[in-house]
Each structure stands twice: as C-alpha cells, then as structure tokens.
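Visitor: Could you take me through one part of this protein up close? I would like to see how its helices pack, and then follow the chain outward from there.

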Amino acid sequence: MPTTFGSLRRLVLTPSLASVTFAGRGFPADPTETTERLEAVPRAVVCGFEWGIDSRSQWEVERRLALVDPEQRGFAYEGATMAFTVLDAMGRGRRTRDLLTGSGQPHIFLAYIGIGFAMARLPRPLWSKVLPDLTGTPYHPTMSWLAVDGYGFDLAYFHTRRWVDEQRRPKPYPWQGAPEYFQRAVDQGIGRALWFIHGGSPRQVAAAVRRFGPDRQADLWGGVGLASTFAGGSPAEGLAVLCDEAGPYRAELAQGSVFASKARAYAGHVPGHTEAASTALTGLSVEAAAKLADDCVPDGAPAAAVAGGLPPYELWRANVRAHFRDTGDLLRPAPRPAAQAAAPRPEAPAKRPRPQK
C-alpha cells in the first residue's frame, strides 16, 4: 500500500498519462498505429515512476513491474529507477542500488536512462549523488553515460522549443570526469527524442536532425539508431528510407542500432521490430549485433579512465562505427583521416550526397 507522503510526492512529481502523449506535448506527428506504439513507451515510464515514488517497499515495486508486458517492462524500470534516484538523492537510501543489483539488472541500460530522467528534475548539486555504486556489475560505470543520454532525451521531450527548436546547449557537467563529452551524450538523447517527437517518420526525423549544426548531427543519428531499433515504430520500407536519409552517418545510425540490440538481448526479450530494425540498419541479426557490441568493448582501459578526452563509452561506440566503416558494401560514408577520428566530435561533410537510384 502507498504511504501518505508517497502519495503526495506522486501528485507533485508525476506527469499525467495525457501529458506525455504526442498530442499532449504538441508534437507534429499524426495519430497512427505507429504513434500509438511509441506513446506506450512514456506511459510505461510514468507507471513505473508512480509505483516507485508511491510504494512502501522494493518488493512491492518489483511485483508490479513483473506484471508489465516484457516488451514494455524495461521502460517501466526506467520510471521506477527515476523515482528511486529522486528519493535517494533527496534523502538517504540505497533504493536505486538495490533495484539495479537485483531484478533491475537485466534492464540496466534503460535504468541508467531513468537516472538521467531524475537528473532533469534535480538541482545540479545533487547530481553527485544520483549514480549508485554498482562496482562489480556488468557495464558499470562505462554505460552510465546513458544517464546523460536520458537527461538529453528528457530536455528535448518536455522542453522541445528550447532544446530542439532553439537548439540550446546545456552547461557541461564532469560526468565520469569528462565534461567536454557531456554535450555529445546529451545529443544522443536528443536524437532518440526526435524519433518520438516525429512519430517514427524517417524523413521528418532526418529533416529534424539536419536542422542542427553539422557538429551535432553524428551523435543525433546515433540516438535515432537506438530509438528506432529499441522502441520500433517503422516498417521495413521506412527503415530503408532511414538508411538513405542518414547518408554519410550510416555508421552512426548502425552503432546506435547495435547498442539497442545489445540492450534488448541482455534484457532477455527481443521483439520482432527490434530484429527487423537490426537487420535493416546493420545487416546483422540481434544476436550477431549483440556479439559485435561485446567484441568492440575497448581493451585495457579502466572503465572510469578518459583517453584523449574521450571516455571508454565513446571508445566503445567508435569501435562499433569503425567495424561498419570497414564493410563498404553496407555503408558508404566519406573516409575520415586518423586525426579527425580522434577528435572529440567528428565533422560532417559539407554536403550530404544523394542516395543512388
């Protein structure tokens, strides 16, 4: 049963289900079967948040989360993690750690995103308290950059005018000791949000990405690849259009797709749309894409180290992109000099080539 204070917190902090719909946010996407599928994602997050912020025990939250359909369960864990992070940061507790070392571990990729949602609602002085000590668990702290991705998604989804239309940039924060990389991780989250804001329409999403400066488009495309593969929302022909629209950023699109496949495989449930998107965007099955992700983990670098200004998370992403750039029959990006590849952010070609007819 919920506590009185928990109920008050829920009323104050939880967005209504109507407010997270595309119509409620004022997004330009037309109501379709696709948008209905995508709208189920924020609804699942809201439900998970309500259960987390309102309940007496982790046991109760876990039993509620177990009732969610496996396709949406990870999103509900996002919401529950967001709630526990807010509670832990504002007081004293280890709810988040207990959840993510327990039943939340298979959903760790999305749980990190939930931490980012909490960051968007907490003052920056409390951010030092949001990441629990998960030493010894897989992918920690390397993949904790997904929390910054989640922060960027939240900014774009709930404050679209400022962060998408006006293309503001948040003040850097030294996440994992790499403040210069903070904006890039935020942009991946904004790219994911663009997939939702435009209802999974490949041409509209691509047009939205191209309205950003060239220095931001690569990471935005990585976010698009993540969202289109994990959340779905586009038929096979739409995914083919997405590949064409990505042009020189095919490697970034494929890299995002690979990470989405890894997250789905690790959670133990792979919906049909994820398998279809992985094949279309990478030429690989989800199983093969997940193996590629494992094979591309950077060797020898401590998880929290920063090499040349780039955290291990970015080195991991770069290894995946390099794999696809070596398969010229799948991807046709312009080659990059070695010095450029090591720069904090890749530059875009001056003009995007037209797809071959």
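Guide: Happy to. Let's start where helix 11 (residues 202-210) packs on helix 13 (residues 236-246): in this predicted model, their axes lie 9 Å apart at an angle of about 20°. With angles under 35 degrees counted as roughly parallel, helix 11 and helix 13 are therefore roughly parallel to each other. The crossing of helix 11 over helix 13 is right-handed. On the helix 11 side, the residues in contact are Pro202, Arg203, Ala206 and Arg210, and they meet Gly238, Val241, Leu242 and Glu245 of helix 13. Sorted by class, this contact has 4 nonpolar, 1 polar and 3 charged residues.

Stepping back along the chain from helix 13, you reach the loop that links it to helix 12 (214-230), and Ala231 sits in that loop. Ala231 has a relative accessible area of 7%. Under 20% counts as buried, so Ala231 is buried. Leaving aside residues up to four places away in sequence, Ala231 touches Arg37, Leu38, Val41, Phe196, Leu226 and His273. There is also a long-range pairing to look at here: Pro271 is 40 residues from Ala231 in sequence, yet their C-alpha atoms are 9.4 Å apart in space.

Helix 12 itself has a partner in helix 14, and the axes of these two come within 7 Å, crossing at roughly 40°. That angle is why helix 12 and helix 14 are described as oblique to each other. Their crossing is right-handed. Helix 12 contributes Ala218, Trp221, Gly222, Val224, Gly225, Leu226, Thr229 and Phe230 to the contact, while the helix 14 residues include Leu253, Gly256, Ser257, Phe259 and Ala260. By class, the residues of this contact are 9 nonpolar, 7 polar and 2 charged.

Ser257 is a good residue to click on next. It lies in helix 14 (residues 250-267), and its relative accessibility is 0%, so Ser257 counts as buried. Among the residues that Ser257 touches are Gly225, Leu226 and Thr229, and the list also includes Ala277, Ser278, Leu281 and Thr282. Leu226 therefore links two of our stops, as a contact of Ala231 and as a contact of Ser257, with the burial of Ser257 given by its 0% relative accessibility.

Now for the nonpolar interior. The largest nonpolar core has 100 residues, and the members that touch the most others are Met143, Trp175, Phe196 and Trp221. You have already met two of these names: Trp221 in the contact between helix 12 and helix 14, and Phe196 among the contacts of Ala231. Trp175, for its part, touches Met119, Val130, Leu131, Ser144, Trp145, Ala147, Val148 and Phe182, again not counting residues up to four places away in sequence.

Right beside Trp175 in the numbering is Gln176, in the loop between helix 9 (160-165) and helix 10 (182-197). Gln176 is not a glycine, but it has a positive phi of about 50°. Its relative accessibility is 22%, so Gln176 counts as partly exposed.

Another loop deserves a visit for its backbone, the one between helix 7 (108-119) and helix 8 (145-158). Most residues other than glycine have a negative phi, and most peptide bonds are trans. In this loop you find Tyr139, whose phi is positive at about 70° although it is not a glycine. Pro141 belongs to this loop too, and the peptide bond joining His140 to Pro141 is cis, with omega about 0°. Pro125 is also in the loop, and at 67% relative accessibility Pro125 counts as exposed. The C-alpha atoms of Pro125 and Ala89 are separated by 9.9 Å, with their positions 36 residues apart along the chain.

One more helix before we zoom out. In helix 4 (residues 58-65), the buried residues are Glu60, Val61, Glu62 and Leu65. They pack against helix 3 (33-54), helix 5 (70-90) and helix 6 (95-100).

Seen as a whole, the protein chain has 18 helices and 0 strands. Buried residues make up 54% of its 357 residues. Of the contacts with a separation of 6 or more, 75% are between residues 24 or more positions apart.

Note on methods. Residues are numbered from 1 along each chain as its sequence is written. This is a predicted model: local features need pLDDT of at least 70, side-chain atom pairs count only at pLDDT 80 or more; totals for chains, interfaces and linings use all residues. Side-chain values use heavy atoms; hydrogens and water are left out. Axes are lines fitted to C-alpha atoms, for helices over the stretch in contact, and angles run from 0 to 180 degrees between N-to-C directions. Helices (H or I, at least four residues) and strands (E, at least two) are DSSP runs, numbered from the N terminus. Angles under 35 degrees count as roughly parallel, over 145 as roughly antiparallel, 65 to 115 as roughly perpendicular and the rest as oblique. A crossing is left-handed if the near helix is turned anticlockwise from the far one by less than a right angle, and right-handed if clockwise. Contact means heavy atoms within 4.5 Å. Ala, Val, Leu, Ile, Met, Phe, Trp, Tyr, Cys and Pro count as nonpolar, Asp, Glu, Lys and Arg as charged, and the others, Gly among them, as polar. A nonpolar core is a set of buried Ala, Val, Leu, Ile, Met, Phe, Trp, Tyr and Cys residues joined through side-chain atoms within 4.5 Å. Buried means under 20% relative accessible area, exposed over 50%, partly exposed in between (1.4 Å probe, protein chains only).
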